Amino acid sequence: MSLSDIDKLTEGASGFGVDVPEDPRPVGRRKSISRSGLVWQRLKATPRFWAGAGVLAALFLFATVGPLLSPYSITDQDVMAFNAAPTAAHWFGTDTLGHDILVQTMVGLQKSLVIGFVAGPLATALAAIIGSFAGYVGGATDKVISWFIDLMLVLPTFFILILLYPFFKGNWVVMMFFLAFTGWMIMAQVVRSQTRSLRERDFVKAARYMGFNAWSVVTRHVIPNVASLLIIDATLGVGAMILSETALSFFGFGVQPPDVSLGTLLENGQAAATTRSWLFLAPAGVLVILLLAINFVGDALRDAVDPTSGVNRG
Amino acid sequence: MIVYLLRRILNYAILTGVAASLAYVLASIGLKPVAALEAKRPPVPASVIQMKLDQLGANPDDPLIERTWVWFTNLFHGDLGMTVNNHHVTDQLAVRAGVSLQLLLIGSIVGAIVGVILGIWGAVAQYKASDQVVTFVSYLIFATPTFVLAILSMIVATRFNQAIGTQLIVFSGQVSADAPPDFWGNLADRLSHLFLPTLVLILIGAASYSRYQRNAMLDVLGADYIRTARSKGLTRGRALIRHGVRVALIPMSTFFAYSFGTLIAGATLLELVFSWHGMGEQAIQSIQAQDINSVAGATLFVAVLILCSSTLSEVLYAALDPRVRR
């Protein structure tokens, strides 16, 4: 029985034998609001959310529509302008081979966005499945999974990703999955402990005693109850994955030429950072703005879901 | 408490051993020392290659599980094997770890102190302009990857050096090749190398600590005992310091210990950018040199640091908060 059904039942009982007004929604009686509606209302009132979402949308357009509008492609070389500082023709300047940095940044951003927006939610999905399963089943299975999570947490992620490099060798799609496989552990721990307390709640017990199997109970009753946490984690995970991608590519263990990502652009720009700084500053600026926007949206979401959460209060 | 702690430590020791072995297996599959040896010019005879591989414990003719077992059991003798350049991995780790810690300690400690002060200030002056500025700047630093921040600082330092006309800030390596031999001259040279990486570490540390400290402090400011302290006649400053800050530091102390592990992982990238010869550089170089033992050793080292800091944070928490003790 949903909340609106309860509303219907109680509606007729509101008049104490007095004339009940015809209006089904008397004065002072507010329309009941769903949880997601409440979160959305709070979110709407947060300027930080709008700032982050607006910038994010602009960056999406920059990465997708931008290259179509640009007169250059990423392989075009302008022989009249090698190593040019930003001009009207090349807003972000050019590199040693005359590549237009603006279009390079757009295309690089495209790849970084794809990697972030696939790997981040993927890691969250893994965390949700593994964490809720361990917490729900309990017993020896839970012990084994928890121990495995601890093991993964001990391994330094960045080293492991570098060690995994020979297995993907510049294939960024495979790299995306590796990123997800090394980034789910902390959230899985959170989901697991939430599931353990949910397991003892009456509505979950009821579903279990009615004979639903573990999969149905987890997908229908456990996951929806941790959904808000998962949404936050997926949002912030996008930023974390983009960060990992750029760091890996920067040190030569990630995306490889001819593919371009923000990480490879930063690597190219690094050598000349102190002399021709536009090569470095253009991708770095875009990266910082992108991560800032993602963090803004993620924090606003967290505050909307849990107004008492201390992390970003004020 | 003691039994609980011992069990914890034993569990962690096993975890570390297994984790490092896992890294060894991964490195053994991914890295090809044979190819590196065969690619040497002038060519090395096949028998020498075989001998060398046996010495490294990386002969692909032996089953992987056997090689891993040998490496794992040697771990208990404190033997991490040889590097491809015929050094003991343990000796190399000791040198590299010294360099890394030299860089890390000052930066992380000063960063924590600056962060705590900024956090308290931000909480006391909540929503004032100073608080807003600190909050925004720490957001900005959060959103900047360590290596980007490092290179940005280099760009600024170069401009600064050009502006004043001398190389005051040097940012490549730990010490110049032509550093003056006398103690003070050498120290000054080292300090000018240390300045920029330490500054970056302080910025990163201060950005995250100030956020946490601000929240911890805000929780305390609303508490009844602060009002009590004020109403018994203490000045605002005294009430805040004696009753507020001391309580707000309790959750922070565990955060310090915990974040040290993550700081180390981030600092490996910093070392690489500033070309310090520390752990991060060793990890990357040994992967490029197809050196399995060095890679596994470096991973073990970082894993031990992560575990030490998380154990420390648990112990601190138990010591400061009696409710956790059993």
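1. Two residues are taken to be in contact if their C-beta atoms, placed from the backbone, lie within 7 Å. On that basis, among contacts in chain A between residues at least 6 apart in sequence, 68% join residues at least 24 apart. For chain B, residues 24 or more positions apart account for 72% of the contacts with a separation of 6 or more. The model is a predicted one, and the points below should be read with that in mind.

2. On secondary structure, chain A has 13 helices and zero strands. Its pattern along the sequence is accordingly written α-α-α-α-α-α-α-α-α-α-α-α-α. Chain B comes to 12 helices, again with zero strands, and reads α-α-α-α-α-α-α-α-α-α-α-α.

3. On burial and extent, chain A has 314 residues, of which 40% are buried. In chain B, buried residues make up 37% of 326. The C-alpha trace of chain B spans about 85 × 60 × 35 Å along its principal axes.

4. On confidence, the mean pLDDT of chain A is 78, and 81% of the residues of chain A reach 70 or more. Residues 1-18 of chain A have a pLDDT below 50, and this stretch makes seven contacts in the model beyond near neighbours in sequence. Residues 310-314 of chain A also have a pLDDT below 50; there the model has 12 contacts beyond near neighbours in sequence. Any reading of those contacts has to be set beside the pLDDT of below 50 in both stretches.

5. The contact between the chains takes 32 residues from chain A and 41 residues from chain B. On the chain A side, at least two residues each come from α6 (139-154), α7 (157-168), α11 (214-250), α12 (262-270) and α13 (278-305). The largest share of that side, seven residues, is supplied by α13(A). Sorted by class, the side of chain A that touches chain B holds 23 nonpolar, seven polar and two charged residues.

6. Two helix packings inside chain A deserve a comment. Two packed helices are described by the angle between their axes and the distance between the axes. For helix α5 (residues 101-137) of chain A against α13(A), the angle is about 35° and the axes are 10 Å apart. The crossing of this pair, α5(A) and α13(A), is right-handed. From α5(A) the contact uses I101(A), T105(A), G108(A) and L109(A), and from α13(A) it uses W278(A), L279(A), A282(A), P283(A) and V286(A). Seven of the residues in this contact of α5(A) with α13(A) are nonpolar and two are polar, with no charged residue.

7. The second packing joins α5(A) to α12(A), at an angle of about 135° and with the axes 7 Å apart. Angles over 145 degrees would count as roughly antiparallel and 65 to 115 as roughly perpendicular, so α5(A) and α12(A) are oblique to each other. Here Q104(A), T105(A), G108(A), L109(A) and S112(A) of α5(A) meet L262(A), T264(A) and L265(A) of α12(A). By class, this contact of α5(A) with α12(A) has three nonpolar and five polar residues and no charged one. T105(A), G108(A) and L109(A) appear in the contact with α13(A) and also in the contact with α12(A).

8. What backbone feature sets S275(B) apart, given that it is not a glycine? S275(B) has a positive phi of about 40°. Most residues other than glycine have a negative phi. S275(B) sits in the loop between α10 (236-273) and α11 (279-288) of chain B. Because 12 other C-beta atoms lie within 10 Å, S275(B) is exposed, the cut-off for that class being 12 or fewer.

9. Two further positions in chain B can be placed. N85(B) is in the loop between α4 (64-75) and α5 (89-124) of chain B, and counts as exposed because it has 10 C-beta neighbours inside 10 Å. V304(B) belongs to helix α12 (residues 292-320) of chain B; with 17 C-beta neighbours inside 10 Å, V304(B) is classed as partly exposed. C-alpha to C-alpha, V304(B) and N85(B) are 25 Å apart in space and 219 residues apart in sequence. N85(B) and Y139(B) are 54 residues apart along the chain, with their C-alpha atoms separated by 44 Å.

Technical notes: Residues are numbered from 1 along each chain as its sequence is written. Chains are lettered from A and ligands numbered from 1 in the order in which they are written. This is a predicted model: local features need pLDDT of at least 70, side-chain atom pairs count only at pLDDT 80 or more; totals for chains, interfaces and linings use all residues. Helices (H or I, at least four residues) and strands (E, at least two) are DSSP runs, numbered from the N terminus. Ala, Val, Leu, Ile, Met, Phe, Trp, Tyr, Cys and Pro count as nonpolar, Asp, Glu, Lys and Arg as charged, and the others, Gly among them, as polar. A residue is buried if 20 or more other C-beta atoms lie within 10 Å of its own, exposed if 12 or fewer, and partly exposed in between; C-beta atoms are placed from the backbone. pLDDT is the predictor's confidence in each residue, from 0 to 100. Axes are lines fitted to C-alpha atoms, for helices over the stretch in contact, and angles run from 0 to 180 degrees between N-to-C directions. A crossing is left-handed if the near helix is turned anticlockwise from the far one by less than a right angle, and right-handed if clockwise. Angles under 35 degrees count as roughly parallel, over 145 as roughly antiparallel, 65 to 115 as roughly perpendicular and the rest as oblique.
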